[in-house]
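Biologist: Got a minute to walk me through this one? I'd like the overall picture, then the charged pairs.

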Amino acid sequence: MLMILSFIISIYAIAAYHDAVDGASIGKHQLVGLRGPPFEPLVSVKLKFLSLKTALLTALASIKRIGDLQAFSVNEACLEFGPVDSHVILRPRPGYVPKVPTTPFRDQVVNLQALPPEEADPALALLCPVRALRVYVDRTRSFRRSEQLFVCFGGQQKGNAVSKQRLAHWVVDAISLAYKSQGEPCPLGVRAHSTRSVASSYALAHGASLADICRAAGWAIDSIISA
């Protein structure tokens, strides 16, 4: 298995990064909004907001397509938390066929590091993807009907595997609600795919190699270099 993202993608630092992507802007307001209501306190908020926040943080930290996020599983062979939740390892479910068949994702391990709680800004922990995943997995355990990581949070489908289209809506809805919580309108044209542009640009600007980013995102490095 190929270990990717050995560097820590600091979500808090992305909050200070403000750049135009896909005709929209995903930056400070979006992530500051995730640190308070309706997304916190994470252990007691409605399952809807827990699901939206976890999906968005996982998308940002992993630089994965929505289809790849849908491939994650809670099966013990695919999900492993480190000691005291220092990190989480995510693997795609067996047999998953990615959107781009040549991508190495089906053989990859996504290793997300926890954000250090001892940082000067205690709000950093509220944006930790490992923390969000731990709470999400624990709170969905009693009603889930599928081993897929992300499951429906309400209605007759509660506990069933969430569709790719619905998961994409979760990411966009999380962004919209985060802006709304800060009294700001959500930029027009924002898409779930926008998270990949922001996260990859941040990682490249902060020392990650182009090869590592391409492996994480499932992009062909040759096509990027020639573009």
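Modeller: Sure. One term up front: buried means under 20% relative accessible area, exposed over 50%, and partly exposed is in between. Keep in mind that this is a predicted model.

Biologist: OK, so what share of the chain's residues count as buried?

Modeller: Of its 227 residues, 50% do. The accessible surface is about 10400 Å², and carbon and sulfur atoms account for 55% of that.

Biologist: And how many helices and strands?

Modeller: Nine helices and six strands. As for contacts between residues at least 6 apart in sequence, 60% of them join residues at least 24 apart.

Biologist: Let's pick a helix. How many residues does H5 have, and how far does it reach?

Modeller: H5 covers residues 129-140, which is 12 residues, and goes 16 Å from first C-alpha to last. That's close to the 16 Å expected at 1.5 Å a residue.

Biologist: Which H5 residues are buried?

Modeller: Pro129, Val130, Ala132, Leu133, Val135, Tyr136, Val137 and Thr140.

Biologist: What about its arginines, Arg131 and Arg134? Start with Arg131: what does it form a salt bridge with?

Modeller: With Glu40, where the closest N and O atoms are 2.9 Å apart. Glu40 sits in the loop between helix H2 (28-33) and helix H3 (47-62), while Arg131 is in H5, so this pair ties together parts 91 residues apart in sequence.

Biologist: Is Glu40 buried or exposed?

Modeller: Buried, at 11% relative accessibility. Arg131, on the other hand, is partly exposed at 26%.

Biologist: And Arg134, which side chain does it meet?

Modeller: Asp85, in a salt bridge of 3.0 Å, N to O. Asp85 is in the loop between strand S4 (79-81) and S5, and Arg134 is in H5, so here the parts tied together are 49 residues apart in sequence. Both ends are partly exposed: Asp85 has 24% relative accessibility and Arg134 has 26%.

Biologist: Where does Asp138 come in? What's its partner?

Modeller: Arg141, with the closest N and O atoms 3.3 Å apart. Asp138 is partly exposed too, with a relative accessible area of 36%. Salt bridges with shared partners link Asp85, Arg134, Asp138 and Arg141 into one network.

Biologist: How many salt bridges in the whole structure?

Modeller: Five turn up in the search.

Biologist: Switching topic: how many disulfides?

Modeller: Zero, going by sulfur atoms within 2.5 Å.

Biologist: Fine. Are Cys128 and Cys152 buried or exposed?

Modeller: Cys128 is buried, at 5% relative accessible area. Cys152 is buried as well, at 15%.

Biologist: One more, His87. Where does it lie?

Modeller: In strand S5, residues 87-90. His87 has a relative accessible area of 18%, so it falls under the 20% cut-off and counts as buried.

Biologist: What does its side chain make a polar contact with?

Modeller: The side chain of Ser86, at 3.2 Å.

Biologist: And beyond its sequence neighbours, which residues does His87 contact?

Modeller: Leaving out those within four places in sequence, His87 is in contact with Glu80, Phe81, Gly82, Asn111, Leu112, Gln113, Ala114 and Val130. Val130 is one of the buried residues of H5 we listed earlier.

Methods: Residues are numbered from 1 along each chain as its sequence is written. This is a predicted model: local features need pLDDT of at least 70, side-chain atom pairs count only at pLDDT 80 or more; totals for chains, interfaces and linings use all residues. Side-chain values use heavy atoms; hydrogens and water are left out. Helices (H or I, at least four residues) and strands (E, at least two) are DSSP runs, numbered from the N terminus. The expected span of a helix is 1.5 Å times one less than its number of residues. Buried means under 20% relative accessible area, exposed over 50%, partly exposed in between (1.4 Å probe, protein chains only). Contact means heavy atoms within 4.5 Å. Accessible areas come from the Shrake-Rupley method with a 1.4 Å probe; for residues, only the protein chains shown count as cover. A polar contact is a pair of N or O atoms within 3.5 Å; within protein, one must be able to donate a hydrogen and the other to accept it, and residues adjacent in sequence count only if both atoms are side-chain atoms. A salt bridge is a side-chain nitrogen of Lys or Arg within 4 Å of a carboxyl oxygen of Asp or Glu.
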